[in-house]
Amino acid sequence: MTVRLHDSKAQALRDFVPLEEGHVGMYVCGPTVQSSPHIGHLRSALVYDIMRRWFVASGYAVTFVRNVTDIDDKILNAAAEEGIGEQWWSLAYRVELEFTAAYNALGILPPTYEPRATASVTQMQRIIQRLIDRGHAYPAPDGSGDVYFDTGSWPTYGELTRQARENMEAAADSDPRGKRDPRDFALWKGHKPTEPRSAGWESPWGPGRPGWHIECSAMAARYLGAEFDIHGGGLDLRFPHHENELAQSTAAGDGFARYWVHNGLVNVGGQKMSKSLGNSVYAHELTALASPLAVRYLLGQAHYRSTLDYSADSLAESEAAVDRIRTFLTRVERRLAGTRYAEGGADATWPDQFAEAMDDDLGVPQALAVLHETVRAGNQALDGEDLATAADLRGQVLAMVRVLGIDPTDRLWATDAGPAATALDTLVARLIEDRRAARASKDWAAADRIRAELADAGITIEDSQTGTHWSLTS
Ligand SMILES: Nc1ncnc2c1ncn2[C@@H]1O[C@H](COP(=O)(O)OP(=O)(O)OP(=O)(O)O)[C@@H](O)[C@H]1O
Ligand SMILES: [Zn+2]
């Protein structure tokens, strides 16, 4: 069976044929680490996590590279606003850690490698030099230290988004005065006296820093080779970012990506969820409302190319969906324990329709329909005491949820942080019960003493309609 992907450049579904048999090289544009991750960023990372998992499940060795853009105008501006202009890198690192934590919480696997742009400046400079040597880039004549890509020199400029150059908008990434054409974009940005000294790298064109687009061209080639299989990122990056990556890499002589894939955006009220629009829903806000597993389900369930309109209501549906799967797995586990089917279904794999759906441009909605149908059949087999069938269906369900990263029985989703946490929970629950009994018998002094003892131990308790809950005092 062959995986088929929608290639944005061909604007068609194409059979996936790897450059090297049995291997997939994937590059995905990672975040500009300027501010906390919102769920749009997470959806993007999750889509490629599922794609990678499916390639692995299909027998490929996958080299998966997702970068961190840790030098950029937006980072310098955010650091200046915080009053830590020279130490912009500390802001970038702090935000990078937030992204990593958010990825981990959703079970998004760490990439094979996660390069930071600042560690590949030499490689970026080499591509720029090749472009100058080939007549496709020029240093600005105005002494700014900028170097631009000469869009007029590259006949296929615009091929990714099928735009004629004359209809394209001007590149708004630098002072247009040194440009031959307003559409020319910056490969290198000369250092300005108002910018932090620590943001200037030595270069043949004077001190400066790389443009955003050249970062990805250099990191993709450095870690995956001059030509590689798949390039991914959000639909918002098709133009100008990916158009420019493609132009500069191919003009420099690299084969670059053979397939371009783009995830649909998370929108709010019809607009892209974006930091700058102030409509972001942050990862931690969702995990306060629902389990991380339900959040993963919610962000992963739609087809990766569709737009996802966020609404908090859909969280409850996702929670119900994962509960259904969890309930079946727990139920079947209990029923089979101690029978000769206890280990049954261990060698089961996913149904053919599941694989067909996933092969067809990563058809997760159809694949989930197969999963839920298998859960339904499993419950029916249990109702009918057909344990052999139930065991086999359990195996199929496990195979499917594992490949999608939504196995409710995975330790990753366990809320229990270990034996110490269980012991603490037991003791605190006991004290909460004593306090409840004291209040019931109107012994307010005893009730207050228990609350004070817990507070001294760093534990806050809160009474609500669903009972008394405790947490470590922050
Ligand atoms: N709302 C969104 N929905 C889906 N993917 C998104 C969304 N916003 C960003 N992405 C994707 O996340 C990855 C990292 O994005 P990047 O840091 O460039 O975000 P950004 O577009 O600058 O975000 P923002 O607009 O919030 O500042 C990219 O692949 C990008 O396409
Ligand atoms: Zn990129």
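## A walk from the zinc to ligand 1

In sequence, the residues that donate to the zinc ion (ligand 2) follow the spacing C-x186-C-x24-H. Keep in mind as you click around that this is a predicted model.

**Stop 1: the zinc ion.** Select ligand 2 and show the side chains around it. Which protein atoms are the donors of the zinc ion? They are SG of Cys-29, SG of Cys-216 and NE2 of His-241, lying 2.1 to 2.2 Å from the metal. Now colour by secondary structure: Cys-216 lies in helix H5 (residues 212-224) and His-241 in helix H6 (residues 238-251), so this pair ties together parts of the chain that are 25 residues apart in sequence.

Switch on a surface next. Are Cys-216 and His-241 buried or exposed? Cys-216 is buried, with a relative accessible area of 0%. His-241 is buried too, at 1%. Both values fall under the 20% cut-off for calling a residue buried.

**Stop 2: His-213.** Stay on helix H5 and pick His-213, which is also found there. His-213 is buried, with a relative accessible area of 7%. Draw a distance from its side chain to the side chain of Asn-244 and you'll find a polar contact of 3.3 Å.

**Stop 3: ligand 1.** Now jump to ligand 1 and select what surrounds it. There are 22 residues around this ligand, and Thr-32, Asp-236, Lys-272, Ser-274 and Lys-275 come nearest. Sorted by type, the shell holds six nonpolar, 12 polar and four charged residues.

Three side chains deserve a distance label:

- Ser-274: a polar side-chain atom lies 2.7 Å from an oxygen atom of ligand 1.
- Ser-44: a polar side-chain atom lies 3.4 Å from an oxygen atom of ligand 1.
- Asn-263: a polar side-chain atom lies 3.4 Å from a nitrogen atom of ligand 1.

How much of ligand 1 does the protein bury? Taken alone, the ligand exposes 600 Å², and the protein buries 95% of that. To see which elements contribute, highlight helix H1 (39-57) and strand E9 (227-234), the ones that give two or more residues to the shell. H1 gives the most, with three residues.

**Stop 4: residues 353-412.** Finish by selecting this stretch, which an unreviewed UniProt entry lists as "domain: Cysteinyl-tRNA synthetase class Ia DALR". Over residues 353-412 the chain is 75% helix and 0% strand. Put a distance between the C-alpha atoms at the two ends of the stretch, and it should come out at 28 Å.

Definitions and conventions. Residues numbered from 1 in each chain as written. Chains lettered and ligands numbered in written order. Predicted model: local features only at pLDDT ≥ 70, side-chain atom pairs only at ≥ 80, totals over all residues. Heavy atoms only, no water. UniProt positions renumbered as here; feature names shortened; annotations may be inferred. Helix = DSSP H or I, 4+ residues; strand = E, 2+ residues; numbered from the N terminus. Near = heavy atom within 4 Å. Polar contact = N/O pair within 3.5 Å; in protein donor to acceptor, adjacent residues only side chain to side chain. Areas by Shrake-Rupley, 256 points an atom, 1.4 Å probe, with all protein chains shown as cover. Nonpolar A, V, L, I, M, F, W, Y, C, P; charged D, E, K, R; others polar. Donors = N, O, S within 2.8 Å, 3.2 Å for Na, K, Ca; no water. Buried < 20%, exposed > 50% of the residue type's maximum accessible area, 1.4 Å probe, protein only.
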